[in-house]
Amino acid sequence: MCLLLKTSRAATAIHGEGGLWVPTLSSSPFDFSPEKAKYTTAAAAVDGDVGLLVPTMLPPFTFSPKSTMSSHFTFLPETTTSSPFNFSPEATISSTLTFSPEKVPALEADFGRWMTQPFLALGNVVVRSVWEHNLVEEFELIESLLPRFRYAAVDTEFPGTVHRPDVPAYLLSSAEQYKFIKANVDNLHLVQLGLTLFDDDDRLPDFGTSGAVQVVWEFNFREFDVLHHPHAPESIAMLRTKGVDFGRTRRHGVDAAAFGARLRKCLRAGLGRAGVITFSGSYDLAYMLKTMYGGGYQLPTTAAQFENIVKSAVGKTLYDVKEMARHCPSDLRGGLELVAGKLGVRRVVGEAHQAGSDSLLTCQTFIKMRECYFGDGKLTNVAGMITGMTACC
């Protein structure tokens, strides 16, 4: 079933261009228009401009499988049948009516240009998807969090690599590895960047919900054109299976130059000042530099120069989780998913190779590895290292 959504302005609802929006389903009487809804705060519900908000429907609004055209909805926390209709965690209805994050994607709803998909989460972590229309407001939100959330985990997704060595990477010197990194980043475009902020107590931003809802970010970029730009076909196929719509990113994605300007401002304001966390982060850091300095920017010639620029622009306190794993007594070889699994860390939202999800898993793996192996000040021994670059090691 496909539900086509229209939009109307409201004081508090879902983030859209120029403010917050509420959806109005094209099939009446399912109506979220301002005339039928008002919003009140609650412990856990829908993200709004002053925290989490829940809609209170005014009579004669009825929320039933008939009016929603489906019996396959879940709306958690559980709801009440009392009038006015409250989406609050206090009571339940005896109905097949549900609106859970797991079942929303099956609706194949077209949210249109000005809508942000309201539920992208599994569990209590929400991935905030960032496009051209909500870039400014999301960066303003991030900037407001920086005084407390001093760590930043980053992951990037890009169109694979088109310049490759003839031998396994571990047989290359750091200079040779960097040569291929430079060749690829100079000639390719960023597709996604994931960002997870966390504080000194290893907590994610939760907007005062006591952990009921926590957030990470996923920025979608417009520069890559799958029809005209070089790429690795297998990487494009894989990203498509993870939900990347290259037509949509091309039309509505974030402009990399605009992102770079806001990223520079955030870094000056303290983004990652206690630590910027990556996993095998040479490509992540290289693409960050490219966005910060503009699309025509060419990476420096040597790994040593790259290290100096990264530490000047991004920060000196860098933690590469893959490099940290190399200094652990246990066998923690492998990619992010494998290393996380060996540490007993579970992915709580999304899938591998979704930038927001991978940034969160990088954060979780760093925290667990630090807890197990880098107590008593040992973390300083691995600060500033980037996998495969002896200039940083």
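Strand β8 (192–198) and helix α6 (256–269) each supply at least two residues of the lining of the second largest cavity. The model is predicted. In total, 2 cavities of 30 Å³ or more were found. The second largest has a volume of about 60 Å³.

Its lining consists of Phe 139, Val 154, Leu 193, Leu 195, Phe 219, Phe 259, Leu 263, Leu 271 and Met 288. By class, these are 9 nonpolar residues, with no polar and no charged ones.

Helix α6 also packs against helix α7 (residues 282–293). The angle between them is about 105°, and their axes lie 7 Å apart. Helix α6 is therefore roughly perpendicular to α7. On the α6 side, the contact is made by Ala 256, Phe 259, Gly 260, Leu 263, Arg 264 and Leu 267. On the α7 side, Met 288, Thr 291, Met 292 and Tyr 293 take part. This contact comprises 7 nonpolar, 2 polar and 1 charged residues. Phe 259, Leu 263 and Met 288 belong to the contact and also to the lining of the second largest cavity.

Another contact involves Glu 143, a residue of helix α2 (residues 135–145). Glu 143 has a relative accessible area of 18% and so counts as buried, the cut-off being under 20%. Neighbours within four places in sequence aside, Glu 143 is in contact with Arg 262, Lys 265 and Cys 266.

Terms used: Residues are numbered from 1 along each chain as its sequence is written. This is a predicted model: local features need pLDDT of at least 70, side-chain atom pairs count only at pLDDT 80 or more; totals for chains, interfaces and linings use all residues. Side-chain values use heavy atoms; hydrogens and water are left out. On a 1 Å grid over the protein atoms alone, a cavity is a set of points where a 1.4 Å probe fits but cannot get out, and a pocket is an open set with protein on both sides within 12 Å along at least five of seven lines; lining residues have an atom within 4 Å of a point. Grid points are joined across faces, edges and corners, and a volume is the space filled by probe spheres set on the points. Helices (H or I, at least four residues) and strands (E, at least two) are DSSP runs, numbered from the N terminus. Ala, Val, Leu, Ile, Met, Phe, Trp, Tyr, Cys and Pro count as nonpolar, Asp, Glu, Lys and Arg as charged, and the others, Gly among them, as polar. Axes are lines fitted to C-alpha atoms, for helices over the stretch in contact, and angles run from 0 to 180 degrees between N-to-C directions. Angles under 35 degrees count as roughly parallel, over 145 as roughly antiparallel, 65 to 115 as roughly perpendicular and the rest as oblique. Contact means heavy atoms within 4.5 Å. Buried means under 20% relative accessible area, exposed over 50%, partly exposed in between (1.4 Å probe, protein chains only).
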